[in-house]
Amino acid sequence: MEKQFTRRTRQYYEAQIIKELFLTDYQALAENKRSKTGEVFYNQGKLSYEKKDNHLVLTVYVEDQERKFEEV
């Protein structure tokens, strides 16, 4: 039980870090250079994104975990 908790906690923080790394790079681009959809690969996982209206839908995959985020 403790091992599973530790693993899920690590995956949670890795997903949060991947999200923040992506957002930093994405927001640094000029608006006209930002792709509407795509995937970015990191050492610890993958992030896919899609721009919908005025918000960004992010899905982060770390090992067997999938986490979804929406940014306005």
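# Exercises on a predicted α-β-β-β-β model

From the N terminus on, the elements of the protein run α-β-β-β-β. The model is a predicted one. Work through the exercises in order.

## Exercise 1: Take stock

Task: State how many helices and strands the protein has, and describe its overall box, surface and charges.

Solution.
- Step 1. Count the elements. The protein has 1 helix and 4 strands.
- Step 2. Box the C-alpha atoms along the principal axes. They fill roughly 45 × 20 × 15 Å.
- Step 3. Turn to the surface. The accessible surface comes to about 5400 Å². Carbon and sulfur atoms hold 49% of that surface.
- Step 4. Look at burial. Of the 72 residues, 31% are buried.
- Step 5. Place the charges. There are 13 positive and 13 negative charges, and their mean positions lie 1 Å apart.

## Exercise 2: Order the sheet

Task: Find the strand order of the sheet, and say which strands are at the edges.

Solution.
- Step 1. Follow the pairing. The 4 strands form an open sheet in the order β1-β2-β3-β4, and the pairing is antiparallel.
- Step 2. Look for strands that pair on one side only. These edge strands are β1 (37–42) and β4 (65–71).
- Step 3. Add the twist. From one strand to the next, the twist averages 15°.
- Step 4. Bring in the helix. Helix α1, residues 2–28, packs on the sheet and touches β1, β2, β3 and β4. Its direction makes about 140° with that of β3.

In general, strands of a sheet pair through backbone hydrogen bonds.

## Exercise 3: Trace the two hairpins

Task: For β2 with β3 and for β3 with β4, give the number of bridges, some facing residues and the turn residue with positive phi.

Solution.
- Step 1. Start with β2 (residues 45–52) and β3 (residues 55–62). They pair in the antiparallel sense over 7 bridges.
- Step 2. Name facing residues. K46 has Y61 of β3 as its bridge partner. S48 stands opposite T59 in β3.
- Step 3. Find the turn. The hairpin of β2 and β3 has 2 residues between its strands. In this turn, D53 has a positive phi of about 50°.
- Step 4. Move to β3 and β4. They pair over 7 bridges, in the antiparallel sense. V62 stands opposite Q65 in β4.
- Step 5. Find the turn here. The hairpin of β3 and β4 has 2 residues between its strands, and E63 in the turn has a positive phi of about 50°.

## Exercise 4: Buried or exposed?

Task: Decide whether Q11, S48, K52 and L21 are buried or partly exposed.

Solution.
- Step 1. Recall the cut-offs. Buried means under 20% relative accessible area, exposed means over 50%, and partly exposed lies in between.
- Step 2. Take Q11, in helix α1. Its relative accessibility is 1%, so Q11 is buried.
- Step 3. List its contacts beyond neighbours within four places in sequence. Q11 touches V62, E63, D64 and Q65. Among these, E63 sits in the turn of the hairpin of β3 and β4.
- Step 4. Take S48, in strand β2. Its relative accessible area is 15%, so S48 is buried.
- Step 5. List contacts in the same way. Leaving aside neighbours within four places in sequence, S48 touches G38, E39, V57, L58, T59 and Y61.
- Step 6. Take K52, in strand β2. Its relative accessibility is 38%, so K52 is partly exposed.
- Step 7. Take L21, in helix α1. At 43%, L21 is partly exposed.

## Exercise 5: Explain an enclosed strand

Task: Why does β3 count as largely enclosed by the rest of the structure?

Solution.
- Step 1. Count its buried residues. They number 7 of the 8 in β3.
- Step 2. Conclude. β3 is largely enclosed because 7 of its 8 residues are buried.
- Step 3. Review what touches or pairs with β3. Helix α1 touches it. β2 pairs with it, and so does β4.

## Exercise 6: Separation along the chain and in space

Task: What are the C-alpha separations of K52 and E2, and of L21 and E66?

Solution.
- Step 1. K52 and E2 are 50 residues apart along the chain. Their C-alpha atoms are separated by 39 Å.
- Step 2. L21 and E66 are 45 residues apart along the chain, with C-alpha atoms separated by 17 Å.
- Step 3. Turn to contacts with a separation of 6 or more. Residues 24 or more positions apart account for 36% of them.

Note on methods:
Residues are numbered from 1 along each chain as its sequence is written. This is a predicted model: local features need pLDDT of at least 70, side-chain atom pairs count only at pLDDT 80 or more; totals for chains, interfaces and linings use all residues. Side-chain values use heavy atoms; hydrogens and water are left out. Two strands pair if DSSP finds at least two bridges between them. Axes are lines fitted to C-alpha atoms, for helices over the stretch in contact, and angles run from 0 to 180 degrees between N-to-C directions. Contact means heavy atoms within 4.5 Å. Buried means under 20% relative accessible area, exposed over 50%, partly exposed in between (1.4 Å probe, protein chains only). Accessible areas come from the Shrake-Rupley method with a 1.4 Å probe; for residues, only the protein chains shown count as cover. Lys and Arg count as positive and Asp and Glu as negative; His and the chain ends are not counted. The place of a charge is taken as NZ of Lys, CZ of Arg, CG of Asp or CD of Glu.
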